[in-house]
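User: Hi! I'm new to this one and would like a quick tour. Could you put it up so we can look together?
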Amino acid sequence: MQRKKMSRLIQQTVFVGPSALFFILIVLVPFLLGIYYSFTNWNGVGSSEIKWVGLDNFKQIFMHDTKFRDAFWFTVKFTVLGVVLTNVLGFVLGYLLTKPLKTRNALRTIFFMPNVIGGLLLGFIWQFIFVKGFASVGKATGLSFFSLPWLGTENTAFWAIVIVFVWQTAGYLMVIYISSFNNVPKDILEAAEIDGASRGQVLRSIIIPLVMPAVTVCLFLAISWSFKMFDLNLSLTKGGPFGSTESVAMNIYNEAFANNRLGLGTAKAVIFFAVVAIITSLQVKFTKSKEVEA
Amino acid sequence: MNTASKSRVSTLLIELLLIIVALLFLVPFYFLFVNSVKTFSELLTNSASLPTSFEWSNYTRAWNITKFPTAFGNSLIITVFSNLLLAFFSAMAAYQMVRRDIRFNRILFAVYVAAMVIPFQSIMIPLVKVTSTVGLTDSIPGLIICYLGFGIPLSVFLFHGFIKSIPLEIEEAAVVDGSNVYGVFIRVVFPLLKPIFVTVIILNTLWIWNDYLLPSLILQSPELRTIPIATFAFFGQFTKQWDLALPALVLGILPVIIFFLAMQKYIVEGITQGAVKG
């Protein structure tokens with residue numbers, strides 16, 4: 001009996017141990033340390049210099065740090081617009097691409113392609129498009145839309161990031177929506193057609209309620225991508241012009257690694273985590289309540 | 001017009017509309033490829049037209065300056081080894097957690113699920129300290145260990161969902177045949193996991209190959225640069241030198257585009273599976 005217990009323990013250690021060890025070292029320990037550091041004045045010099053300062057960092061952030069507030073506001077605006085637009089486009093493309101089109105597969109490939117490229121490289125590619133490509137299109141066509149200084153003003157730089165984000169992510173959501181549309185039972189659709197339902201009615205009363213699980217997933221993905229955006233932000237605008245497009249992630253990065261205020265940076269990181277956790281769990285709870293069974 | 005031909009016309013219109021949108025989606029690639037072979041002055045005067053001559057020397061210069069083979073090799077080693085270890089360790093853990101439903105495993109699983117919402121940026125600052133304390137910085141094995149830590153939650157979660165659906169009878173038959181639990185796992189369970197392996201590996205590959213922030217914090221030496229880091233360093237050095245930057249970007253995206261076109265079926269499947277389980 002003792003031997004059996006022993007071998008069970010060894011088995012548990014061999015199977016679960018390695019992954020748990022990596023997870024604890026790389027995620028759990030830094031996470032807990034981060035909560036501790038957020039109450040200190042750690043500035044990266046040496047461990048002996050770290051002093052407990054209580055809630056000072058949080059007071060500083062909430063009362064005085066206007067740049068963090070701006071970054072937060074930018075991220076919220078970007079998230080709302082980015083999430084809605086990429087989901088609408090992904091949904092529409094997915095819906096239309098379930099129809100029997102000749103070029104269906106090629107189209108799906110094209111719409112998905114931007115997504116396999118990393119945000120950093122995409123940002124650099126689009127930097128060229130906005131700076132040089134749009135300018136020459138504007139010169140050739142005379143359309144003022146293309147001649148705007150896209151990355152030069154606060155308003156247009158904001159839209160530039162939204163455009164690239166939607167272009168990059170809509171195809172991914174399209175793939176998820178397509179599989180969800182394909183899972184809508186054919187007999188329900190046929191029954192509705194026999195009953196004389198119009199196409200709009202079928203979409204509104206049957207298809208949309210039945211693809212709500214996909215909406216839950218797609219909203220979750222889009223919210224977490226846009227809220228955590230860093231690479232695209234870094235390579236496309238670097239937060240400019242005048243820091244107007246600095247995301248929260250970039251603000252945290254700069255506070256810690258450019259200003260060397262690591263204590264303050266981790267306090268921001270803790271706030272960031274809390275906000276992301278609350279928003280995503282509220283969203284999942286909300287859309288899950290709208291899901292129905294066929 | 002009867003209904004059949006009416007719906008044929010509307011299908012045709014939808015197709016036409018989608019083709020136009022698809023062309024718009026491809027415009028950035030057109031600009032990128034066309035201008036990557038132009039001379040600097042031609043690229044400045046007109047970036048929308050086709051090139052008048054092909055300046056392939058742009059590519060040789062970009063290839064040499066970014067040390068493309070080194071960056072490509074580093075990205076490849078990191079992605080391949082992280083993937084193999086991640087899939088192997090996650091499958092083992094998920095198997096044990098499903099088959100031995102004890103309280104410890106249930107709590108650990110709940111911790112993994114909760115950890116999936118932690119944004120990387122909210123733990124990156126202490127992570128730098130932890131990795132330098134235990135000596136994982138500026139080394140490729142160190143970076144791979146980081147990917148193991150960050151990848152474990154989602155990978156375990158995906159395997160967990162899949163293994164739950166495998167009937168126990170198959171394993172019991174193997175135990176009767178005299179295999180021990182390790183033998184059963186390697187010879188019987190492992191092959192059954194193939195579909196979910198594909199999903200996990202696809203999702204992790206797209207993440208690790210394109211990741212910039214984590215490697216930029218862990219690796220310092222120029223000879224350890226991955227493709228995104230090499231590209232970023234290159235841009236810092238040659239701002240606005242588009243005749244060098246564009247071919248460097250083409251080189252940077254080419255491997256992953258080729259991978260995508262070759263593996264498209266699996267990528268689409270992997271994403272769908274990952275979304276359904278997630």
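User: Where is the kink in helix 7 of chain A centred?

Analyst: It's centred on Thr169(A), and the bend there is about 35°. Keep in mind that this is a predicted model.

User: How many residues does helix 7 of chain A have, and how far does it reach?

Analyst: Helix 7 of chain A covers residues 154-182, which is 29 residues. From first C-alpha to last it reaches 42 Å, close to the 42 Å expected at 1.5 Å a residue.

User: Okay, and since it's predicted, what is the mean pLDDT of chain A?

Analyst: The mean is 89, with 98% of the residues of chain A at 70 or more.

User: Where in chain A is confidence lowest, and where is it highest?

Analyst: The low point is helix 6 of chain A (residues 144-147), with a mean of 81. The high point is helix 3 of chain A (residues 66-96), at 94.

User: New topic: how many helices and strands are there in chain A?

Analyst: Chain A has 13 helices and zero strands. Chain B likewise has 13 helices and zero strands.

User: What about the overall shape of chain B, is it compact or spread out?

Analyst: Chain B has a radius of gyration of 24 Å, well over the 19 Å that the globule rule gives for 278 residues, so it is more spread out than a compact globule. Its C-alpha trace spans about 75 × 70 × 35 Å along the principal axes.

User: And what is the radius of gyration of chain A?

Analyst: Chain A has 24 Å, where a compact globule of 294 residues would be near 19 Å. The C-alpha trace of chain A spans about 80 × 75 × 30 Å along its principal axes.

User: What share of each chain is buried?

Analyst: For chain A, buried residues make up 44% of the 294 residues. For chain B, they make up 42% of the 278 residues.

User: Now the two chains together. How many residues of chain A are in contact with chain B?

Analyst: 67 residues of chain A are in contact with 67 residues of chain B.

User: Which helix of chain A gives the most to that side?

Analyst: Helix 1 of chain A does, with 18 residues. The elements giving two or more residues to the side that touches chain B also include helix 5 (119-141), helix 13 (262-288) and the kinked helix 7 of chain A.

User: How do the residues on that side of chain A divide into nonpolar, polar and charged?

Analyst: On the side of chain A that touches chain B, 49 are nonpolar, 13 are polar and five are charged.

Note on methods
Residues numbered from 1 in each chain as written. Chains lettered and ligands numbered in written order. Predicted model: local features only at pLDDT ≥ 70, side-chain atom pairs only at ≥ 80, totals over all residues. Helix = DSSP H or I, 4+ residues; strand = E, 2+ residues; numbered from the N terminus. Expected span 1.5 Å × (residues − 1). Bend = angle between axes of the 7 residues up to and from the residue. pLDDT = per-residue confidence, 0-100. Contact = placed C-beta atoms within 7 Å. Nonpolar A, V, L, I, M, F, W, Y, C, P; charged D, E, K, R; others polar. Rg over C-alpha atoms; globule rule 2.2 N^0.38 Å. Buried ≥ 20, exposed ≤ 12 C-beta atoms within 10 Å, placed from the backbone.
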